[in-house]
Amino acid sequence: MPPPVLTHFPRSIDILLQLTQKLVHFSAIMEYIDSAKNALRTDFTWNRVGHLAARGARAFPQASVEYVLDKFPIIGWLPRYNYRWIINDIIAGLTIGLMLIPQGLSYAKIATIPVQYGLMSSWAPSAIYAFMGTTKDLSTGPTSLISLLTAEIIEALHGEEWSPVEIASAVAMMMGIYGMAIGFLKLGFLLEFISLPVLSGFISAVAITIILNQMDSLLGEPNVGDGTATQIRDIFQQLPQANGYACAIGFTGILLLTVLDQAGKRWGEKNRIIWFLSITRAFIALVIFTGVGYAVNHSRGASENYLFDVAKVQADGQEPPKVPSAALLSKVASRSIAVFVGSAVEHTAIARAFAVRNSYVTDQSQELTYFGVTNVFNSFFHAMGVGGAMSRTAVNSACNVKSPLSGFVTTAVVLVSIFKLVGTLYWIPKATLAAIIITAVWPLMSSPRVFYGYWKTSLADFISSMIAFWVSLFVSTELGIASAVGFNILYVLLRQVFATVRSLPDPQSSTSSELPLPLSVPHGDIPSHVNLPPDVHVFAFTDSLFFPNAYHAKHAIIDTVKTLHVPIFNGSCGLEQERQWSVTGEKRIAKLRRQAGITGGTHLPPIGLLVLDFGRTNHVDVTACTHMKAMVKEVRMYGGASVEVRFANMSEYVRQRFERAGWTLVDGWPAGSDGGSQDGNKVTRVFDSLVDAVVAPRQLSTRLGTSGSEKSSGKSVKEGREKVSMREQV
C-alpha cells in the first residue's frame with residue numbers, strides 16, 4: 001500500500017495543471033484587454049466619437065434650452081415690439097383675411113372638397129405662425145399647388161369608404177408628420193435635392209392643370225373628363241353647350257381682376273386707393289358677383305333652375321375636431337410625399353425670398369417645423385393641407401407688415417366669415433371662383449424665356465425641367481417630380497463615372513502648364529509674402545457646385561462674411577437701436593462669432609472685396625449660378641453696393657456655364673490699369689490666379705489701408721478666420 005503522500009500526488013499535479021491553464025487563459029484575456037484598450041486609445045474614429053459625445057454632453061443643457069426657445073421665435077422678438085407698428089399689422093392682417101376668404105373657397109374647389117372647408121383650413125395657420133414663424137411677410141393657408149395634389153389623391157382613392165374631406169385631412173396630417181420630422185431634426189437641407197429647373201417645370205405644369213380643371217366652371221360646360229388630353233378635347237367639343245350666363249360672369253370676373261391688377265402695378269405706388277383696390281381685387285369680385293348670383297337666382301326655386309351654377313356653401317360654424325383614421329393614414333402616407341415635397345419647397349423658397357428682399361434672416365428648419373405643426377393641427381379640424389402662398393405674401397409685404405402679429409387679425413377675419421357669412425357665400429357663382437383661381441395661378445407659370453435660359457446654360461437642366469413639366473402635365477404630378485429628381489440623380493452619378501482626366505501640358509489649351517509653377521506658390525494658394533487687406537475675403541470651392549450643395553455653399557459664404565466683417569449702416573443691419581423685428585439673424589451671427597472667438601464686433605473691418613476660387617470646380621449648373629447671384633446680392637446688401645466680387649482659376653467650361661446663365665464675365669484688369677472703372681455691379685472680373693485676383697487694383701475706391709488700427713483689426717480677424725476655416729472651404 002503506497003504512502004498517503006504518493007496517493008494524493010497525482011491529484012495535486014492535476015490541480016496545478018488546471019491552475020496553470022487558468023493563469024495562461026487569464027494572461028491571454030488580460031493581453032486581449034490591454035490590446036483592446038490600446039486600440040481604443042489609438043483608434044481615430046473611436047477617439048472622435050468619444051470627443052463628440054463628451055462635447056455633446058457638456059453642451060446638452062444649454063443647447064436644449066436654446067433649441068426649445070428657437071421653436072418659439074416670438075419669445076425673442078415680442079419684447080422689443082414697437083407699438084407704432086400695430087397700425088401696419090392690423091391693416092395687413094385685415095387685407096390678408098379679405099384675400100383668404102375667396103382664395104380659401106377657390107382652393108377648396110380645386111381640391112374637390114366642399115368649398116366651406118377652405119375657410120376652415122384658413123383660420124388656424126396665421127395664428128400659429130405668429131408664435132412659430134421666422135418671417136414677418138409669409139402668409140400661410142391653402143394654396144393652388146397643395147389643392148391640386150390633394151385632389152389627385154382624392155381621385156385615386158375615389159370609391160372607398162372615406163369621404164373627400166376625410167382624405168384631405170389625412171393628407172394634411174401626413175404632410176405635418178413629414179414636416180415635423182425634418183424640422184425638429186434640422187434636416188431642411190434635404191429639400192435642396194430639388195433643383196430650380198425641376199421646380200420650374202413642375203409648378204408650370206401644375207398651373208396649367210389647375211387652369212384646365214377650372215374651364216368647365218368658367219364656361220358652364222358639363223361632363224368634362226379627367227386628364228390633360230381628355231380635358232382639352234372635351235372643352236373644345238362641348239363649346240356649343242357652354243352656358244352663356246356662366247361665360248359672361250366668368251370672363252367679366254377675369255377682366256375685372258386683370259384691370260385692377262394692372263392698375264395697381266401702374267398707379268398703386270402713387271394712389272393708395274388704387275393700391276388697396278388692387279390688392280383686395282379678389283374680395284371685390286367675390287362681393288360683386290355674389291350679389292349678382294343672389295339677385296338672379298334666389299327667386300328661381302330649386303338649384304336646377306338657376307341661370308348658372310353657384311357654390312352652395314353650407315356650414316354651421318367650425319365643426320368639432322376629429323382624428324383621421326389610422327387605416328386612411330396608411331393609405332395616403334406614400335402618396336402624400338409628393339404633396340409635402342412640392343409645398344415645403346414652395347413654402348421655404350417664398351420665406352427665403354422675402355427675407356432677402358426685406359433685410360432679415362429666416363430659419364429654414366424652423367419654417368418646416370411650423371409647417372409640420374400647423375398641418376397636424378389643421379388635420380384635426382377637417383382641414384386640407386396648408387403652406388406659404390406667393391400672392392398673399394407679396395400683398396402682405398406690400399402692406400408694409402411689421403411682424404407676424406398680423407396673423408391674429410387674419411384669423412379673426414376668417415373666423416367671422418365662418419360663423420357669420422356662410423349663408424351669404426352660398427350664392428357665389430362657380431364661374432367667379434374659377435376666374436379668381438385662373439388669375440391667381442397664371443403668374444406661377446414660367447415663361448418660355450426661362451426654359452430657353454435652361455437650354456442655353458445646360459442641356460441636363462433643360463431635360464430635367466422638361467421631364468418635370470411634361471410628365472406632371474400628362475401623367476401625374478407625383479410621378480413628374482419623382483422622375484425629374486431621378487434623372488438629376490442619375491446625371492450626377494454618370495458625371496462621376498465618366499470623370500475626365502486632363503494631361504499636362506494640354507496641347508488643346510493656350511494657357512501654360514501648372515507644372516512649372518514654383519513650389520512656393522501652390523496652385524490656388526496665396527503665398528505668405530502677399531499682404532491680404534482686412535476687407536478682403538477669399539473662398540475656395542473644393543468640389544463641383546450644383547443643386548444639392550449650392551444653397552449650403554451660398555450660406556457658408558454669407559455666414560462667414562457676416563461673422564468676420566461689420567455691415568454698412570443702412571437701418572436694417574446697423575446700430576442696435578435700428579434693428580428690425582427679427583432676432584433670428586442676430587442670434588445666428590452672435591453664435592458664429594462666439595465659435596470664432598470674436599467678442600463685440602465693432603472692431604471688425606467692412607467687406608470690400610470677395611474672391612471666389614474655382615480652381616477645384618469642374619461643374620456648375622443653373623441652380624448654382626442662380627444661388628451665386630443671390631449670394632452676391634445679399635453680400636452687397638450687407639456690405640454695400642461697392643463690394644467687388646472676383647472669380648479666380650475658372651476653367652473655360654465653368655466660365656461658359658456662368659456666361660450662359662446670364663453672368664457678364666470679363667478678364668482681369670489690363671496691364672497698367674489703375675482700377676478706376678465703376679462697373680463693379682455690372683460685370684464680374686475673372687483672373688487666371690488667386691494672387692492676381694487679390695492684388696489687382698480695385699474697381700472701386702473702397703480698399704482699406706493696412707496701417708494703424710486697420711492692422712490690428714486684420715490681426716484680430718486673422719484669429720477668427722483660423723477658427724472658421726472649415727466653413728471657408730466651401
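## A first look at the chain

Asparagine 649 is buried, with a relative accessible area of 11%. This residue sits in the loop between β5 (644–648) and α27 (652–660). Its phi is near 55°, a positive value in a residue other than glycine. Please keep in mind as you read that this is a predicted model.

Another asparagine makes a good companion to look at. Asparagine 400 is not a glycine either, yet it has a positive phi of about 60°. Look for asparagine 400 in the loop between α17 (390–398) and α18. With 37% relative accessibility, asparagine 400 is partly exposed.

### The chain as a whole

Stepping back, the secondary structure of the chain comes to 30 helices and seven strands. The chain has 730 residues, and 48% of them count as buried. Take the contacts between residues at least 6 apart in sequence: 81% of these join residues at least 24 apart.

### Nonpolar cores

In soluble globular proteins, nonpolar side chains tend to be buried together. Here, the largest nonpolar core has 76 residues, and those with the most contacts inside it are Ile113, Ile167, Phe202 and Val332. Helix α9 (residues 196–219) gives the most to this core, contributing eleven residues. For a closer view, pick isoleucine 167: leaving out residues up to four places away in sequence, isoleucine 167 touches Ile153, Ile154, Leu157, Trp162, Leu328 and Val332. Apart from the largest core lies another core, of 36 residues, and among them are Ala92, Ile101, Leu105 and Val401.

### Salt bridges

Side chains of opposite charge can pair when their charged atoms come close. The structure holds twelve salt bridges. Three of them are set out here, with the distance between N and O atoms.

| Residue | Partner | N to O distance |
|---|---|---|
| Aspartate 137 | Lysine 136 | 3.2 Å |
| Lysine 554 | Glutamate 634 | 3.5 Å |
| Glutamate 659 | Arginine 655 | 3.3 Å |

Lysine 554 and glutamate 634 link distant parts of the chain: lysine 554 is in helix α24 (residues 550–564) and glutamate 634 is in helix α26 (residues 622–639), 80 residues apart. Both lysine 554 and glutamate 634 are buried.

What about the pair of aspartate 137 and lysine 136? Aspartate 137 counts as buried because its relative accessibility is 0%, and lysine 136 counts as buried at 9%.

Glutamate 659 and arginine 655 both belong to helix α27, where they are four residues apart, about one turn of the helix. Is glutamate 659 buried or partly exposed? With a relative accessible area of 33%, glutamate 659 is partly exposed, while arginine 655, at 14% relative accessibility, counts as buried. Elsewhere, salt bridges that share partners join Asp261, Lys265 and Arg281 into one network.

Asp261 also turns up in the surroundings of a serine. Serine 278 is found in helix α12 (residues 272–279). Setting aside neighbours within four places in sequence, serine 278 is in contact with Leu260, Asp261 and Gly264. Serine 278 counts as buried, since its relative accessibility is 6%.

### Cavities

How many cavities of 30 Å³ or more does the structure hold? There are four cavities of that size. The largest cavity contains about 100 Å³ of space. Its lining is made up of Ile96, Ser126, Tyr129, Lys136, Leu138, Ser139, Thr140, Asn396, Pro404, Ser406, Gly407 and Thr410. The elements that give two or more residues to this lining are α6 (123–132) and α18 (406–420). Which element gives the largest share of the lining? The largest share comes from α18, with three residues. By type, the lining residues divide into four nonpolar, seven polar and one charged.

Lys136 links two parts of this tour. Lys136 is among the residues that line the largest cavity, and lysine 136 also forms a salt bridge with aspartate 137.

Methods:
Residues numbered from 1 in each chain as written. Predicted model: local features only at pLDDT ≥ 70, side-chain atom pairs only at ≥ 80, totals over all residues. Heavy atoms only, no water. 1 Å grid on protein atoms, 1.4 Å probe; cavity = no way out; pocket = protein on both sides within 12 Å on 5 of 7 lines; lining within 4 Å. Points joined across faces, edges and corners; volume = space filled by probe spheres on them. Nonpolar A, V, L, I, M, F, W, Y, C, P; charged D, E, K, R; others polar. Buried < 20%, exposed > 50% of the residue type's maximum accessible area, 1.4 Å probe, protein only. Contact = heavy atoms within 4.5 Å. Salt bridge = Lys/Arg side-chain N within 4 Å of Asp/Glu carboxyl O. Core = buried A, V, L, I, M, F, W, Y, C linked by side-chain atoms within 4.5 Å.
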